[in-house]
Amino acid sequence: MSKNVKFTLSFFFALTTLIACGGGGSESGSTGNTAGTGNTGGTGNTGGNGGTGSTIPAAPIWTAGQFNDESQFKNFCVAPRSGTDPFNGGAYPDKAGTAMHEKMWLRSWNNRTYLWYREVADVDPASYSITAYFDLLKTTAVTDSGVAKDQFHYTENTAEYQQQSQSGVSSGYGIKWSVVSTSAPRSFTVAYTEPGSPAAQAGVKRGDFLLEVDGIDFVNENSRSGVNSLNAGLFPDSAGETHSFKFRTVENTDVSYQLRSADVASSAVQNAKVINTDSGAVGYFQFNSYIVPAQQQLIDAVELFREAAISELVVDLRYNGGGLLALASQLGYMVTGPDIIQGRYFERLRFNDKYPNTDPITGDSLNPTPFYSREINYEAGTLTNTTLPSLNLSRIYVLTTDNTCSASEAFINGLRGVDVEIIQIGGKTCGKPYGFYPQDNCGTTYFSIQFSGINFKGFGDYADGFNPTNNPVFSADVKGCPVADDFSKALGDQQEDMLEAALYYMENNSCPTLPASAATNKFGAKTTLATALSGAAVADGFAVKNPTDNVFNNSIRQPIRDQQ
């Protein structure tokens, strides 16, 4: 690979130097400006770069069907940030502007880059808030199964997104939730806890079912004030908050904890181990998210498996909502290797019909994403000269649920494209063959689908998810066993239903006969508990925030180059 060749890297979290400043002007903002009549900026806005004496420009006017260049509106903000961006060391690009500037930027950016821009109605944004207007900028079409084609249109606070994407750190208790219902009767079950987190230290365990938060009935509370209090306890604004939680354990015992929120680092790879079976050594690891720190953790796990000379591998993706597509590509290389890949690519991307041959964000010519065979310096955006270890496996097992999404599905699809046999154990995946370039404007990072991913064989039509089945019929059907999540056992326990089914399949080349509780969704058992505790379900009740929304549910594309 020559040093002057460009590569295109698809991955979940964009490098901070790009996501913090997605274009637009660089003139200084103002300090202490007073918004003019009719502007929503209020008074006393602080400019991004410390300029003085500037006035807020007049709000732009919408004209149906006319889309000005987005750079005319970029970084003109109702509430400009001031000071230095802690993630890239530069000054914020924000300037004093109006809400209409922010909405018109969204409109032009979306019309230029959104995958389904033709399916978006051009509505006058004047009467909508910025958030409400962004919510309109997506298709209303549905998939063959009747679900929304675009379920992945959302925003995040830029500072929080940057912190989580680069370091895996976020404020909270270290609980990963499995969610059945956010409205009464609600059902939240602990899927796992982060090692060393406040929840893990207190004794919170997988399978604990949430009953109360700060003395409020979590399952049944249906007042706006009560739900606000539930959200405040579940999603603390910062580290150092203390809230009380009551759970019912899998042993049917009620337990209570005082949990103090902290900045918790996500452990992307957990429970990497070698399982000795009659037919040989089996590797297993729980893979939770494709974030930057995962690269070394994956390398460590693969080296463990190489040393043990494993003959089979189980990748537990049941709670992996996505992340760096580059890591998905690297993991694909590490479980297979050059002899199996034989120069074939991991994925190629399709943008909207305005960009059949070029990338709309970078302007680069479209080239397929390879199976990256070397370590990546994600901070610099370059491939290193260090070759990744590989296992030379032509078959792997993946454990999945509907929380298996995005880059996790791209990993499955990419390997299927080079004829690696995938045995899928668990439930249907979420169905997201799409991705974004996250764009920061005025302190909010916007995620709007810009591309779809297709494997080497030209397949990418899994919008309804990959489905494990004994008898594959459709293109997104994958040979394997439908098995529900088993909260009664720890992840990595050989008697946990999904892992047990995978180990059985290795020995017998068929699915085990499971008890009824394992053949149906065990989340359903928790739903039954919630219903028993609450009585009849409340229609259209107040919903708490969904902790599984917008969490690693992304595939982000960004250019990367070989070392110069």
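Which residue in β9 is the bridge partner of isoleucine 175? The partner is threonine 193. This is a predicted model, in which local features need pLDDT of at least 70, side-chain atom pairs count only at pLDDT 80 or more, and totals for chains, interfaces and linings use all residues. Residues are numbered from 1 along each chain as its sequence is written, and side-chain values use heavy atoms, with hydrogens and water left out.

**Hairpin**
- Strands β8 (residues 175-181) and β9 (residues 187-193) pair in the antiparallel sense over six bridges; strands are DSSP E runs of at least two residues, helices H or I runs of at least four, and pairing requires at least two DSSP bridges.
- Five residues form the hairpin connection from β8 to β9.

**Sheet**
- Seven strands form an open sheet with mixed pairing, in the order β15-β16-β17-β22-β23-β29-β28.
- β15 (269-277) and β28 (467-469) stand at the edges with a single partner strand each, so one side of each has no neighbour in the sheet.
- Within this sheet, β23 (residues 421-426) and β29 (residues 477-482) pair in the parallel sense over three bridges, and isoleucine 425 stands opposite cysteine 481 in β29.

**Cores**
- The largest nonpolar core (buried Ala, Val, Leu, Ile, Met, Phe, Trp, Tyr and Cys residues joined through side-chain atoms within 4.5 Å; buried means under 20% relative accessible area with a 1.4 Å probe, protein chains only) has 57 residues.
- Among those with the most contacts inside this core are Phe285, Leu313 and Phe411.
- Helix α8 gives the largest share of this core, eight residues.
- A second, separate core of 28 residues includes Met100 and Cys430.

Key. Buried < 20%, exposed > 50% of the residue type's maximum accessible area, 1.4 Å probe, protein only.
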